[in-house]
Amino acid sequence: MAQIGQYNQLPIVKFVDFGAYLDAGELGQILLPKRYVTEAMALGQSVDVFIHLDSQDILVATTLKPVVTVGQTALLRVVDINDAGAFLDWGLPKHLLVPYNEQHKRFEVDRSYVVTLYLDPYSDRIVGSSKLNRHLIESTQDLDVGQPVELLICGRSDMGFKAVINDRYLGLVFRDDAFKPLHYGEKTKGYIKAIRQDGKIDLSLQPPGDKGRDRLQQKILDHLNSHDGQSPLGDRANPDEIYKTFNVSKGAYKKALGALYKQRLITIGPEGIKLTGE
């Protein structure tokens, strides 16, 4: 079944002077305006289109690709504001409406906000919202500890950074786990660090537990082997230099050094670290 706010493969059933009609099943025949019809299109051919309401609230199709679809979250810029709310640029001629009651604070023109898209059940309009907790899930048991996920940073709190997880969930990167600067609207890879008893989701920017440390230990050994068995990056090294070289926090790096030292694979001194025997 064809879905509003999503990409659909729909067959052409009729050509008219102002475009082509597509068979959208239960949604009926939907117009693909002439400006999107190409000479290569033929009767019966299926075309990949996005379905939405036009300025007259009539279902139309387009071959344009919006930045985000219903059920997804993105950082979008405000291009206009009127009595209905704020209008954001999402890649289509008709801008995306975020009503005032779906704004976590009053939007301003030319500023960008993290919004999630949903389908209004009463009007079938595609609408945006920055009140993410209304539309995303804040607790779950469906994710696994250590699972890699895609994150979109959507806010800050006293404890750390709020993030959208895989367009569906909301979680938190604690400040101690944020070993690199995180910015509002930034996309980054992350991992499920823990699922609390209440289902709240804790996040990490590196694989949690022994798995992440084992991988880091090997990276340190490889680094030493490629640098004549020694490195100035000891347990007193600058956190920025550690992150630049290994993409991890200083805390995680020191744990990995400790594990390698206990295995007698490296020595640690005031000048840095060395492979044992070097």
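In strand 18, Ser231 finds Ile273 standing opposite. This pairing, like everything described here, comes from a predicted model. Strand 16 and strand 18 (residues 272-275) are joined by two bridges and run antiparallel. They belong to an open sheet of three strands, in the order 16-18-17, with antiparallel pairing. Strand 16 (230-231) and strand 17 (266-269) are the edge strands, each pairing on one side only. Packed on this sheet is helix 3 (residues 250-262), which touches strand 17 and strand 18. The direction of helix 3 makes about 125 degrees with that of strand 17.

Another helix, helix 2 (residues 239-246), comes with a cap at its N-terminal end, provided by Asn238. There, a side-chain oxygen of Asn238 lies 2.7 Å from the backbone nitrogen of Asp240. After helix 2 comes Asn247, with a positive phi near 60 degrees.

Next comes the barrel. Five strands close into it in the order 11-12-13-15-14, and the pairing is mixed. From one strand to the next, the twist averages 55 degrees. Strand 11 (residues 148-156) and strand 14 (residues 187-195) run antiparallel and are held together by five bridges. One contact point along this pairing involves Pro148, whose bridge partner in strand 14 is Tyr191. On to the next pairing: strand 14 also runs antiparallel to strand 15 (residues 201-204), with four bridges joining the two. Here Ile195 has Ile201 of strand 15 as its bridge partner. Strand 14 and strand 15 make up a hairpin, with five residues between them. In the turn of that hairpin, Gly199 has a positive phi of about 90 degrees.

Three buried residues give a feel for the surroundings inside the model. Thr73 lies in strand 6 (residues 73-82). Its relative accessible area is 6%, so Thr73 falls under the 20% cut-off and counts as buried. Its side chain makes a polar contact with the side chain of Thr116, at 3.3 Å. Setting aside residues up to four places away in sequence, Thr73 touches Val68, Val114, Val115, Thr116, Leu136, Leu152, Val164 and Asp167.

Ser130 sits in the loop between strand 10 (126-129) and strand 11. With 7% relative accessibility, Ser130 is buried as well. Among the residues that Ser130 touches, again not counting those up to four places away in sequence, are Val114 and Val115, which are also on the list for Thr73. The other residues touched by Ser130 are Glu102, Gln103, His104 and Phe107.

Then there is Val47, found in strand 4 (residues 46-53). Val47 counts as buried because its relative accessibility is 6%. Leaving out neighbours within four places in sequence, Val47 is in contact with Asn8, Gln9, Leu10, Ile12, Leu22 and Met41. Val60 is another matter: Val47 and Val60 are 13 residues apart in sequence, and their C-alpha atoms are 14 Å apart in space.

That leaves the aromatic rings. A pair of such rings is described by how far apart the centres are and by the angle between the planes. Searching the whole structure turns up five aromatic pairs. In one of them, Phe18 and Tyr21 have ring centres 6.3 Å apart and planes at 85 degrees, so this pair is edge-to-face. Phe18 is partly exposed, since its relative accessible area is 47%. Elsewhere, Tyr7, Phe50 and Trp90 are linked into a cluster by ring pairs. Tyr7 also has a charged companion: Lys65 lies over the face of its ring, 4.4 Å from the ring centre. A similar arrangement turns up at Phe161, where Arg175 lies over the ring face at 5.6 Å from the ring centre.

Conventions
Residues numbered from 1 in each chain as written. Predicted model: local features only at pLDDT ≥ 70, side-chain atom pairs only at ≥ 80, totals over all residues. Heavy atoms only, no water. Pairing = 2+ DSSP bridges. Axes fitted to C-alpha atoms, helices over the stretch in contact; angles between N-to-C directions. Phe/Tyr/Trp six-rings, centres within 6.5 Å; stacked < 30°, edge-to-face > 60°. Buried < 20%, exposed > 50% of the residue type's maximum accessible area, 1.4 Å probe, protein only. Lys NZ or Arg CZ within 6 Å of the ring centre and 35° of its normal. Contact = heavy atoms within 4.5 Å. Polar contact = N/O pair within 3.5 Å; in protein donor to acceptor, adjacent residues only side chain to side chain.
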